[in-house]
Amino acid sequence: MDRCAGGRLMLTERAATVLNVLVGEYLQTATPVASDEIARSLDLKLSSASVRNTMARLTEGGYISRPHVSSGGVPSDLGYRFYVESLPEHPQLSTKMRESVDRDLAHTEPDIGAWSKRCAAILSSLTENLAIVTAPRAQFPRLKRIQLVFLQESTALLVLVLEEARLLRKLIPFGKNINQLQLDQAASRLNDSLGGLNRYQMQSNSLELNQLEEQVKEGSVSLMREAETTIEEHYTDGLRRLLSQPEFSAGELARQLVQLVEERDLLERVLNASGQTAEPAVFIGAENQEEFLNPFGVILCNYGIREGVSGTICVIGPKRMEYVAAIGGVRHLSAFMSQMVLGIQGNVAE
């Protein structure tokens with residue numbers, strides 16, 4: 001093994017093989033992997049002595065750690081990263097598993113919230129880790145239509161239907177008596193001029209309005225502003241599965257996970273870490289932007305329409321996770337949710 005420009009050891013074919021076998025064994029057992037175990041896995045292609053020498057170099061290069069020379073090896077963040085980058089370019093679920101997932105989704109209620117919730121449950125089951133799926137939303141939501149419902153003499157319920165299949169509601173006190181006919185006329189006129197617009201376009205619309213219509217427009221703009229800043233709705237599944245794994249026998253890691261699930265602003269920062277990517281992004285240990293996630297592996301992928309209606313699918317688990325199933329599951333479910341969003345957008349366009 002030679003050193004590259006950054007001082008890190010470049011792996012020979014033998015070292016790469018030993019490291020990937022070691023990581024694969026550790027993913028299954030969660031216990032340090034001995035040289036004898038690796039030699040047996042390689043079916044006598046390398047002797048135990050050769051494996052030990054290779055493990056010593058891997059330790060020197062920072063790919064594995066060992067408490068002492070004779071002990072087994074445990075992958076480091078760098079070792080996990082090498083393993084992930086050695087996987088097929090686009091890890092996929094098996095055909096049988098994809099068919100099972102698709103059958104499950106086919107029986108889910110045709111509602112974007114139900115799909116998001118079911119995807120979280122499926123992904124958690126596939127990975128035995130914490131899965132998070134955000135409901136799709138637009139960065140700058142567009143209005144589909146306004147509805148006004150008479151409640152009492154001077155008050156109405158304003159309902160906005162957004163193009164991303166989201167509803168916003170607000171009570172509007174008009175300060176004078178109104179009736180449902182007036183409300184219907186106001187909604188019809190505003191829908192003709194504001195339908196399909198985002199908040200900024202609604203504000204700049206120069207249509208001459210009467211007092212009632214102006215109040216409805218102002219209320220609609222206010223609701224649209226709130227929709228842009230509200231933390232997106234999300235669905236989580238698998239916290240118990242994750243906490244049952246060996247890494248979480250210590251209470252501190254469990255506490256950090258519960259804090260993540262409960263604190264929405266913290267969760268939002270984690271979910272935004274991937275930027276806008278249609279391919280799963282993998283963050284291992286210290287690669288995570290949030291320091292409290294350094295003990296974890298995180299896989300994130302956006303779905304939907306870039307710079308349009310979109311959401312995020314995420315898996316959080318120990319660094320010792322089945323990366324093929326996790327990456328493949330995230331990719332498959334992201335593709336499904338993207339199709340659902342495109343279907344909704346197509347219906348809106350019609």
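The following questions and answers concern a sheet and its surroundings in a predicted model.

User: In which order do the three strands of the open sheet lie?

Analyst: Strand β5 (residues 143–152) pairs with strand β6 (residues 155–162) in the antiparallel sense over eight bridges. Strand β6 is also joined to β7, again antiparallel, by seven bridges. The order of the open sheet is therefore β5-β6-β7.

User: Which strands stand at the edges, and why is one side of each left without a neighbour in the sheet?

Analyst: The three strands form an open sheet with antiparallel pairing. Each edge strand has a single partner strand, so one side of each lacks a neighbour in the sheet. The strands at the edges are β5 and β7 (167–173).

User: By what angle are neighbouring strands of this sheet turned against each other on average?

Analyst: The sheet has the order β5-β6-β7. With direction ignored, the average turn between its neighbouring strands is 20°.

User: Which residue in β6 stands opposite R145?

Analyst: A hairpin of two residues links β5 to β6, and these strands pair in the antiparallel sense. Opposite R145 in β6 stands V161.

User: Is T155 buried or exposed?

Analyst: T155 belongs to strand β6. Apart from neighbours within four places in sequence, T155 is in contact with F150, L171, I172, P173 and I178. Its relative accessible area is 13%, and the cut-off for burial is under 20%, so T155 is buried.

User: Which helix lies across β5 and β6?

Analyst: The strands concerned are joined by a hairpin. The helix covers residues 180–194 and runs at about 170° to β5. This helix is α7.

Definitions and conventions. Residues are numbered from 1 along each chain as its sequence is written. This is a predicted model: local features need pLDDT of at least 70, side-chain atom pairs count only at pLDDT 80 or more; totals for chains, interfaces and linings use all residues. Side-chain values use heavy atoms; hydrogens and water are left out. Two strands pair if DSSP finds at least two bridges between them. Helices (H or I, at least four residues) and strands (E, at least two) are DSSP runs, numbered from the N terminus. Buried means under 20% relative accessible area, exposed over 50%, partly exposed in between (1.4 Å probe, protein chains only). Contact means heavy atoms within 4.5 Å. Axes are lines fitted to C-alpha atoms, for helices over the stretch in contact, and angles run from 0 to 180 degrees between N-to-C directions.
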